[in-house]
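Here is a short tour of a protein chain, starting from one helix and working outwards. Keep the 3D view open as you read.

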Amino acid sequence: MNSLLIQRATFDDLEKILELQKTAFLSEAELYNDYSLEPLTQTLDSIRNEFKHSIFLKALYQNEIVGSVRGKYEAGKYLVGRLVVSPSFRRQGIGRKLMRALEEECREAKDFFLFTGSKSVRNIALYESLGYEKYEEQENKNKPGLVIVRMCKRKIG
């Protein structure tokens, strides 16, 4: 994917990013048999509000948004969220490129934190390959049977 471009998303990109998010998270919903996952129910107003306090990156291929990730700096640590890649563009390194770009964008952060579901083994493998380590697994109180895996990457130096 030589023509893939990663850059900051703009406010005008949010509608497309939300649409992509909902498409991308359908596979997670199927995996967990839960179509009420927050990424699937998020509203345009909600993502617009989130944009005010977060960095959003987008992956562009031929001027189409095919991936996105966001993060928020909070109390000396960086919270990474909603890594999404269009289903037709998966397994081409886009998620990895987005994660690396987000970490580079936020050089001031010493620690990066994220979470995913325990059944999302491909996601976990990707994060581990990027240097993230599991530090906690906990059942979601609101969704019995859903185990959340929390992961952290500590930057040296």
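## What covers helix H6

This is a predicted model. A good place to begin is the packing around helix H6: the cover over its buried residues includes strand S4 (77–85), helix H5 (94–105), strand S5 (111–117), strand S6 (133–139) and strand S7 (147–154).

## The two sides of H6

Which residues of H6 are buried? Within this helix, residues 121–129, they are Ile 124, Leu 126 and Tyr 127. Looking down the axis of H6, you will find these buried residues within an arc of 160°, so they line one face of the helix. Val 121 and Arg 122 sit on the other side of H6, and both are exposed.

Just a little further along the chain, H6 is followed by Gly 131, a residue with a positive phi, near 100°.

## The nonpolar cores

H6 also takes part in the largest nonpolar core, which has 26 residues. Val 80, Met 99 and Tyr 132 are the residues with the most contacts inside this core. Strand S2 (55–61), strand S3 (64–74), S4, H5, S5, H6 and S7 each give two or more residues to it. Apart from this core lies another, of 15 residues, and among them are Leu 18, Ala 29, Phe 56 and Ile 65.

Met 99 is worth selecting in your viewer. What does Met 99 touch, leaving aside its neighbours within four places in sequence? Its contacts are Val 69, Val 80, Leu 83, Leu 114, Tyr 127, Leu 130 and Tyr 132. Tyr 127 is one of the buried residues of H6, while Val 80 and Tyr 132 appear with Met 99 in the list of residues with the most contacts inside the core.

## The sheet

Now for the strands. Seven of them form an open sheet with mixed pairing, in the order S1-S2-S3-S4-S5-S7-S6. Strand S1 (4–8) and S6 are the edge strands, each pairing on one side only. From one strand to the next, the twist averages 25°.

For a closer look at one pair, try S4 and S5, which run in the parallel sense and are joined over three bridges. Here Lys 77 stands opposite Asp 111 in S5.

## Helices across the sheet

Two further helices lie across S2, S3 and S4. Helix H1 (residues 14–24) runs at about 95° to S3. Helix H4 (residues 44–51) runs at about 110° to S2.

Conventions. Residues are numbered from 1 along each chain as its sequence is written. This is a predicted model: local features need pLDDT of at least 70, side-chain atom pairs count only at pLDDT 80 or more; totals for chains, interfaces and linings use all residues. Side-chain values use heavy atoms; hydrogens and water are left out. Buried means under 20% relative accessible area, exposed over 50%, partly exposed in between (1.4 Å probe, protein chains only). Helices (H or I, at least four residues) and strands (E, at least two) are DSSP runs, numbered from the N terminus. The arc is that of the directions from the helix axis to the C-beta atoms. Contact means heavy atoms within 4.5 Å. A nonpolar core is a set of buried Ala, Val, Leu, Ile, Met, Phe, Trp, Tyr and Cys residues joined through side-chain atoms within 4.5 Å. Two strands pair if DSSP finds at least two bridges between them. Axes are lines fitted to C-alpha atoms, for helices over the stretch in contact, and angles run from 0 to 180 degrees between N-to-C directions.
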